[in-house]
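Grab a pencil and work through the exercises below with the structure open next to you. Try each task yourself before you read its solution.

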Amino acid sequence: MSAGAPQNRVVLGALLRKELRVELRSFSAVPAMSLFSVTTFVLFHFALQRNALSDDLASGVLWVTLLFAAVLGINRLFVADAEQGGFDGFLLSPADRSVLLYSKALTLLAYLLVLELVAVPAFALLLLGPALWPALPGLLVVLALGDAGIVVIGTLVGALAVRTSVRDLLGPMISLPLLVPVLLCAARAGAPVLGAGGAGALPLRWLVTLALYDLVFGLITFAVFDFLLED
Amino acid sequence: MYGKRLRALALTTFAALTLTLVLAFFWAPNDANQGFLQKIFYLHVPLAIVTLCGFVYGGVAAIMHLRTRDSRWDMRSYVAIHLSLVFGVGVLVTGSIWAKGSWGVWWDWSEPTLVSFLLIMLLYATYQPLRFAIEDPERQARYASVFAITAGAFVPINFVIVRLSTAYLHPRVLGDISANLPGRFQVVFYLSLISIALLWITLWRYEMTSKHASAQLRALRRLLAGDEDDALPRRSAVPTLSVSVEGGRAGGTPGVGASR
Amino acid sequence: MPRGRLEVATLAALELRGLTRHYGERLALADVSVDVEAGQTLAVLGPNGAGKTTLLRLLATLLRPHGGELQVLGHTLPAENWAVRGRIGLLGHEPLLYRELSARENLGLYGALHGLDGDERAGELLAAVAMERRADEPLRTLSRGMVQRVAVCRALLHDPELLLLDEPRANLDPAASELVEPLIGRASGRTRVIVSHDPAGVLAEADLVLGLVRGRVHVLAGAAELDAGALVELYR
């Protein structure tokens, strides 16, 4: 006697609730990511011996920091499932496999959003030369597209690395080269926005390239993800 | 299965490579600007092209592996990728030598081919550690295939993006030279491309044959050892081929005490 | 005997024919064939590395067969995996529960995954294993035995027809074992496959016994025909 196949919406909601609860009770990802980003800004200050960055340098430093903090989150994304609930519990149920992918992608996105809520103001406070407020709209667009890229690649690599014996090493090693194009496009798109002479226009070319990259790898992740879930 | 025509292939490759070397050194004229050093180009660019095609083929074989679940496709993908990694080191080395000789620097960020290659090599260098870190052979093969597909898609996309990023820095493009080559240069270039492609294919087939033969040998050994073969295999990044041995059932018969 | 009485064939709950699964170049399971009728209990015995867990995972649709045929609840696997998920309950070594969540929250999650409405069933099960009082505490504060009881609830939440049990009474004290018995024992009426390391104990509650050694079938007989002594041979 079994119930009918569960609705994707319901399953997604249940999985997201689980992610939220586990993260709020164990604090295994987001606090570390946020703290790490602030510490990295301090490191950059001392390494570059600058108080105020703008243009290319500002954009680059911001994105490198976000990327490294994101990698911490990618490492943690599947750990609770691999160690406790196990993918088995999900795989034994009649729920649609893709919903797991969506729930994990949305979770990583949530991690990144909270990270940026801390990192961007911290960056503006500690290292950014020009004012943040006028640059914000442009910056938000770049952050949105960059986050999409990190989510798409991070979910795939997180799932790939979690059930290996050296997951904390393989995660960054595999995801960072794949994220270089995201870094490249996002940093170049953000540079004029953080310009010393006032926020410039967004360079469309880099945004389009970034969006296309996100799309292509989004499709690839969607296509291959199921193969990572089997035993 | 893979050993057929191997000798013919090897001889053809040897002949092609020799011919290329001879023509490159004695027939093709020296470049007016770069002189003798320009001849590295006959090695560097074909190596790059063949390496990239090798990685993409690794991705295609991985797709076939996931679709058919046949371990032979996984072996093909593995051999292709690890051979291309070796050739790729050659690309970076010859590219560096040429850069040093032509422009006085061992590395140049405005050279998109070299930059793309560095990135691709950094990615593919994780392939074997990834395989080695997964003990279950079936899962190892599956995860490696997922990686190979993702990385295989990354190769062309990455090239385009890096090229875009260096487009405004007056790239000193090594690869574009082939479009502007006069007669003799072109002949030698294409001959070199064919030779190096043949070299890759020959080495690939050699390695496939060798791995296949080892797998058959192990299957024979297990058949002879019967049920006493208890030793657990060492951890390995190399794919396992499920082969059946001619003339013997891999399954064997139920042991003593079976009552049904 | 009334004439014309219909002989109704019992639908086999499990049909295995030459089931094979590799582990690299080795065979984890070789040529396993057995039929289990609905409501029957199959005991799977054998030393470590015999392939017992592999067999269980194959039946649970978590692994694909590499050879032979597998029919579970009338459906051919792996082609019809979707039709049997939701009708199988697995109770393995791992409880498959999130430690940061409470029993109720875990069961709520699994209920949603199985498309169940409401949480009455979860409440009933928790009461049946005497976990109601501590149903809202995070599992990491509970003992291993309590977590195992919650795992039993998880396995039964969707009222499965087929139960796959891997040493289900490990970690349970005698009192808990008694509580759990009507749910996962013979009296539950479900088809069961039990992996056990206790030949004598499992004979008492099994209809069929399958003995595996290194993936091969060494014993396959009705429980009534065997005695514990024959089974101990498997472990030599």
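**Exercise 1. A pair of facing residues**

Task: Find out which residue of β2(C) stands opposite Arg21(C), and how the two strands β1 and β2 of chain C pair.

Solution. Keep in mind that you're looking at a predicted model.
- Step 1: start at Arg21(C) and look across to β2(C), where you meet Leu29(C).
- Step 2: now follow the strands themselves. β1 covers residues 12–23 of chain C, and its pairing with β2(C) is antiparallel, over eight bridges.
- Step 3: zoom out to the sheet. It is open, has four strands and runs in the order β2-β1-β4-β5 in chain C, with antiparallel pairing.
- Step 4: check the edges. β2 (26–37) and β5 (75–77) of chain C each have a single partner strand, so one side of each has no neighbour in the sheet.
- Step 5: add the twist, which averages 25° from one strand to the next.

**Exercise 2. The six-stranded sheet**

Task: Work out the strand order of the open sheet of six strands in chain C, and which strands lie at its edges.

Solution.
- Step 1: read the order across the sheet, which is β6-β7-β8-β3-β9-β10 of chain C, and note that the pairing is mixed.
- Step 2: pick out the strands that pair on one side only: these are β6 (88–91) and β10 (216–222) of chain C.
- Step 3: note the average twist, 15° from one strand to the next.
- Step 4: see what "mixed" looks like here. β6(C) and β7 (residues 162–166) of chain C run parallel and are joined by four bridges, while β9 (residues 208–213) of chain C pairs with β10(C) in the antiparallel sense over six bridges.
- Step 5: find a facing pair in each. Ile88(C) sits opposite Leu162(C) in β7(C), and Leu210(C) sits opposite Leu220(C) in β10(C).

**Exercise 3. Two faces of one strand**

Task: Decide which residues of β6(C) belong to each side, and whether they are buried or exposed.

Solution.
- Step 1: recall that in a regular strand the side chains alternate between the two faces of the sheet.
- Step 2: sort the residues. Ile88(C) and Leu90(C) go on one side, Gly89(C) and Leu91(C) on the other.
- Step 3: check burial. All four are buried, and that means both faces of β6(C) are covered.

**Exercise 4. A helical chain**

Task: Describe chain B, then test the length of its helix α7.

Solution.
- Step 1: count the elements. Chain B has seven helices and zero strands, giving the pattern α-α-α-α-α-α-α along the sequence.
- Step 2: look at burial, which applies to 37% of the 260 residues of chain B.
- Step 3: consider the contacts between residues at least 6 apart in sequence: in chain B, 82% of them join residues at least 24 apart.
- Step 4: do the length test. α7(B) has 43 residues (183–225), so at 1.5 Å a residue it should span 63 Å; the end C-alpha atoms are 63 Å apart, which agrees.
- Step 5: ask what α7(B) packs against. Its buried residues, including Phe189(B), Trp200(B) and Met208(B), pack against α1 (6–27), α2 (41–68) and α3 (71–103) of chain B.
- Step 6: look just past the helix. Gly226(B) follows α7(B) and has a positive phi, near 65°.

**Exercise 5. A kinked helix**

Task: Test the length of α8(A), then find where its kink is centred.

Solution.
- Step 1: with 26 residues at 1.5 Å each, α8(A) should span 38 Å; its end C-alpha atoms lie 37 Å apart, which agrees.
- Step 2: locate the kink, about 35° and centred on Ala223(A).
- Step 3: list some buried residues of α8(A), among them Trp206(A), Tyr213(A), Asp214(A) and Phe217(A).
- Step 4: see what covers them. The cover includes α5 (98–126), α6 and α7 of chain A, together with α6 (137–166) of chain B.

**Exercise 6. Where chain A meets its partners**

Task: Find how many residues of chain A are in contact with chain B, and how many with chain C.

Solution.
- Step 1: for chain B, 21 residues of chain A are in contact with 23 residues of chain B. α7(A) gives the most to this side of chain A, with eight residues.
- Step 2: sort this side by class: 17 nonpolar, three polar and one charged.
- Step 3: for chain C, 27 residues of chain A are in contact with 28 residues of chain C. α1 (8–26) and α4 (79–91) of chain A each supply at least two residues of that side of chain A.
- Step 4: sort that side too: 14 nonpolar, eight polar and five charged residues.

Terms used. Residues are numbered from 1 along each chain as its sequence is written. Chains are lettered from A and ligands numbered from 1 in the order in which they are written. This is a predicted model: local features need pLDDT of at least 70, side-chain atom pairs count only at pLDDT 80 or more; totals for chains, interfaces and linings use all residues. A residue is buried if 20 or more other C-beta atoms lie within 10 Å of its own, exposed if 12 or fewer, and partly exposed in between; C-beta atoms are placed from the backbone. Two residues are in contact if their C-beta atoms, placed from the backbone, lie within 7 Å. Two strands pair if DSSP finds at least two bridges between them. Axes are lines fitted to C-alpha atoms, for helices over the stretch in contact, and angles run from 0 to 180 degrees between N-to-C directions. Ala, Val, Leu, Ile, Met, Phe, Trp, Tyr, Cys and Pro count as nonpolar, Asp, Glu, Lys and Arg as charged, and the others, Gly among them, as polar. The expected span of a helix is 1.5 Å times one less than its number of residues. The bend at a residue is the angle between axes fitted to the seven residues ending there and the seven starting there.
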